[in-house]
Amino acid sequence: MPDTPTSRSSRSDSDGADAEPPASPFEIEFAFQDEKDRAIEPWLREQLVAALGWLKVVAARISIAVVDDAQMTDLHERYRREGGTTDVLTFDFRFDASDDDEPLILESEIIVCIDEARRQAADRGHDWKTELLLYIVHGVLHLLEHDDQTPDEAARMHEMEDRLLSAIGIGEVFASRKVLKDPGG
């Protein structure tokens, strides 16, 4: 619905007490394959906004699709040419601008698999919502040019995920996956 002259507040005094709050620099859209899962949206949005702030992202337009195994398997095969489901797929829609003075604006779609999040969370003894948030954060880090193709890159990226999730009050999530080995053999 377009704004009407009466839908916006105006400044009535010099200190701006009646001024509209500034618009969020983050445009985040969620799509849920199963509408019953939509109840998690406000929490995911709040955590993602906190994560983007911690990462010092200037602005973002991010679409997040929460899908099941069947949909993720189809997308994984279509776009990565790999069989089976996966946890997250990230699509970066930015183009290279010639002006380096322009602020970084993330434009992307992140697709996360709710079935995989539920399985992994159950195996690791934490909440599936937190696991799903981990996948979204992982996708954002890929957009910021973090990679996990080698063991060293993966270790750095997962350490960053845990630092970020701890900084926004969630705590370490990936570290819970580490298997402790007996140093004696």
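At 32% relative accessibility, D74 counts as partly exposed, and in this predicted model its side chain meets that of R78 in a salt bridge with an N to O distance of 2.5 Å. R78 is likewise classed as partly exposed, at 43% relative accessibility. Both residues belong to helix α2, which spans residues 69–80, and because R78 and D74 are four residues apart in that helix, about one helical turn separates them.

The pair in α2 belongs to a broader set of charged contacts, since a search of the whole structure returns 13 salt bridges. One of these joins the side chains of E27 and R61, for which the N to O distance is 3.7 Å. E27 lies in strand β1 (residues 26–32) whereas R61 lies in strand β2 (residues 59–67), so this pair ties together parts of the protein that are 34 residues apart in sequence. Neither partner is classed as buried: E27 has a relative accessibility of 49% and counts as partly exposed, and R61 falls into the partly exposed class with a relative accessible area of 36%.

A further salt bridge is formed between R38 and E35, whose closest N and O atoms are 2.8 Å apart. The relative accessible area of R38 is 29%, which places this residue in the partly exposed class, and E35, at 48%, is also partly exposed. Beyond these pairs, the residues D34, K36, D37 and R118 are linked to one another in a network of salt bridges.

With regard to the overall fold, the protein contains five helices and four strands, and these elements follow the pattern β-α-β-α-β-β-α-α-α when read along the sequence. Of the 185 residues in the protein, 35% are buried. Among contacts with a sequence separation of 6 or more, 60% are accounted for by residues that lie 24 or more positions apart.

The packing of two of the helices was examined in greater detail. Helix α4 (residues 128–143) and helix α5 (residues 151–167) pack with their axes 10 Å apart and at an angle of about 120°; the two helices are therefore oblique to each other. The crossing in which α4 passes α5 is right-handed. On the side of α4, the residues that take part in the contact are L133, L134, V137, H138, L141 and H142, and these meet M157, H158, M160, E161, L164 and L165 of α5. Sorted by class, the contact of α4 with α5 comprises eight nonpolar, three polar and one charged residues.

A final local feature concerns R94, which is placed in the loop between strand β3 (88–92) and strand β4 (105–113). R94 is partly exposed, with a relative accessibility of 23%; as residues count as buried under 20% relative accessible area, R94 is not assigned to the buried class. The C-alpha atoms of R94 and I105 are 7.8 Å apart in space, while eleven residues separate the two positions in sequence.

Note on methods
Residues numbered from 1 in each chain as written. Predicted model: local features only at pLDDT ≥ 70, side-chain atom pairs only at ≥ 80, totals over all residues. Heavy atoms only, no water. Salt bridge = Lys/Arg side-chain N within 4 Å of Asp/Glu carboxyl O. Buried < 20%, exposed > 50% of the residue type's maximum accessible area, 1.4 Å probe, protein only. Axes fitted to C-alpha atoms, helices over the stretch in contact; angles between N-to-C directions. Parallel < 35°, antiparallel > 145°, perpendicular 65-115°, else oblique. Left-handed = near helix turned anticlockwise from the far one by under 90°. Contact = heavy atoms within 4.5 Å. Nonpolar A, V, L, I, M, F, W, Y, C, P; charged D, E, K, R; others polar.
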